[in-house]
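Here are a few warm-up exercises to work through with the model open. Try each one yourself before reading its solution.

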Amino acid sequence: MRNPYDVLGVTKGASEADIKKAFRKLAKTYHPDRNKDDAKAKDRFAEANAAYEILGDAAKRAQFDRGEIDAEGKPRATGFEGFSGFGGGRANSFDFEGMARGRGPGGGGGIGEDIFSHLFGEAFRAGGAGPGGMGPGGMGAGGARGGFQRGPARGEDVAAELTVTLEQVASEEKLRLGLPGGREVDVVVPRGVVDGQTIRLRGLGQPGAPRGEPGDALLTIHVLPHPRFKVEGADLRVSVEVPLEEAVLGGPIRVPTLTGAVEMKIPPMTSSGRTFRLRGKGLPKKDGSRGDLLATTAITLPAEADAALTDYATARRAARAE
């Protein structure tokens, strides 16, 4: 896979907001629902999701920047201490040829083979060969000198979709997910998820060949629009009706949230269209914190004006007429 920064079209110093903005733009452009007959768009969509899976997570992004994981999120193999490569250096601490024959640094069996297998898996293993996979005269089982044999085939990835409500996102609810083939698993709505994002569920794809790894499940999450709340990143916006009396005199009002109504006190002479911020009442973020709820007032007039209000309005009209 390409460098995640190149995939999203951002620089290494890009902010979290810039990364999210770039991802959402690509996801909207290449989403399968908008490109049903375009195989390349599907690949670009999957590539963008994989890149955001790295860069959208602060911990994984730091690991990638330090070179600890690759563009697929897998740990990078590290070299041997004391081994200086093949270009004129020598293996001071390990007998590399002994390892290929299944010997450890001291000539004992097992240790070297375990390290070798961990690094290269089944790359050198062939029928009739030893743990190093090399036949007599340095010939591999396939007949080519020094040739490699592929390891057990990995299982195929599968695609799945999950539709969630804003309430389920806010509560990080555990949901039952049906996978191709009739398999069912429990998944928790991930923090910081955005509509159209695809996440990778390791090992939940098709089984591999004997001793091969299973594939992954690529889960695309769709967030249903809410009739009352508008999503702005991790923040939410909502309009709150305020009776005229409370707007003039001030006092407590009830404000809806995704987890139940809360009480908020507004000051006297609050005008319509004024916005108040309720901290921590928005959607969960990847770092465990939560966004805010932005409540905008909408003043409502009484169905019937009382005598004092009628007299006041009459006096105002008379004053303007003069």
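Helices and strands here are DSSP runs, with at least four residues for a helix and at least two for a strand, numbered from the N terminus. Keep in mind that this is a predicted model.

**Exercise 1.** Work out how many helices and strands the protein chain has, and what share of its residues is buried.

*Solution.* Start with the secondary structure: the protein chain comes to nine helices and eleven strands. Next, take burial as under 20% relative accessible area. By that cut-off, 34% of the 322 residues are buried. Finally, look at the outside: the chain exposes about 19500 Å², and carbon and sulfur atoms supply 51% of that.

**Exercise 2.** Check the length of helix H2 (residues 16-30), then sort out which of its sides is buried and what covers it.

*Solution.* First, the length. H2 has 15 residues, so at 1.5 Å a residue it should span 21 Å, and its end C-alpha atoms agree, being 21 Å apart. Second, the buried set: Ile19, Lys20, Ala22, Phe23, Leu26 and Ala27. These cover an arc of only 165 degrees around the axis, so they sit on the same side of H2. The general rule behind this: an α-helix has 3.6 residues a turn, so residues three or four places apart point the same way. Third, the other side of H2, where Ala17, Lys21, Lys25 and Lys28 are exposed. Last, the cover over the buried residues includes helices H1 (4-8), H3 (39-55) and H4 (58-65).

**Exercise 3.** Place leucine 249 and say whether it is buried or exposed.

*Solution.* Leucine 249 lies in helix H8 (residues 244-249). With a relative accessible area of 56%, leucine 249 is exposed. Together with Val248 and Met269, Leu249 forms a nonpolar surface patch of about 320 Å² accessible area.

Key:
Residues numbered from 1 in each chain as written. Predicted model: local features only at pLDDT ≥ 70, side-chain atom pairs only at ≥ 80, totals over all residues. Heavy atoms only, no water. Patch = residues over 30% accessible without salt bridge, like charges linked within 9 Å, V, L, I, M, F, W, Y side chains within 5 Å. Areas by Shrake-Rupley, 256 points an atom, 1.4 Å probe, with all protein chains shown as cover. Salt bridge = Lys/Arg side-chain N within 4 Å of Asp/Glu carboxyl O. Buried < 20%, exposed > 50% of the residue type's maximum accessible area, 1.4 Å probe, protein only. Expected span 1.5 Å × (residues − 1). Arc of directions from axis to C-beta. Contact = heavy atoms within 4.5 Å.
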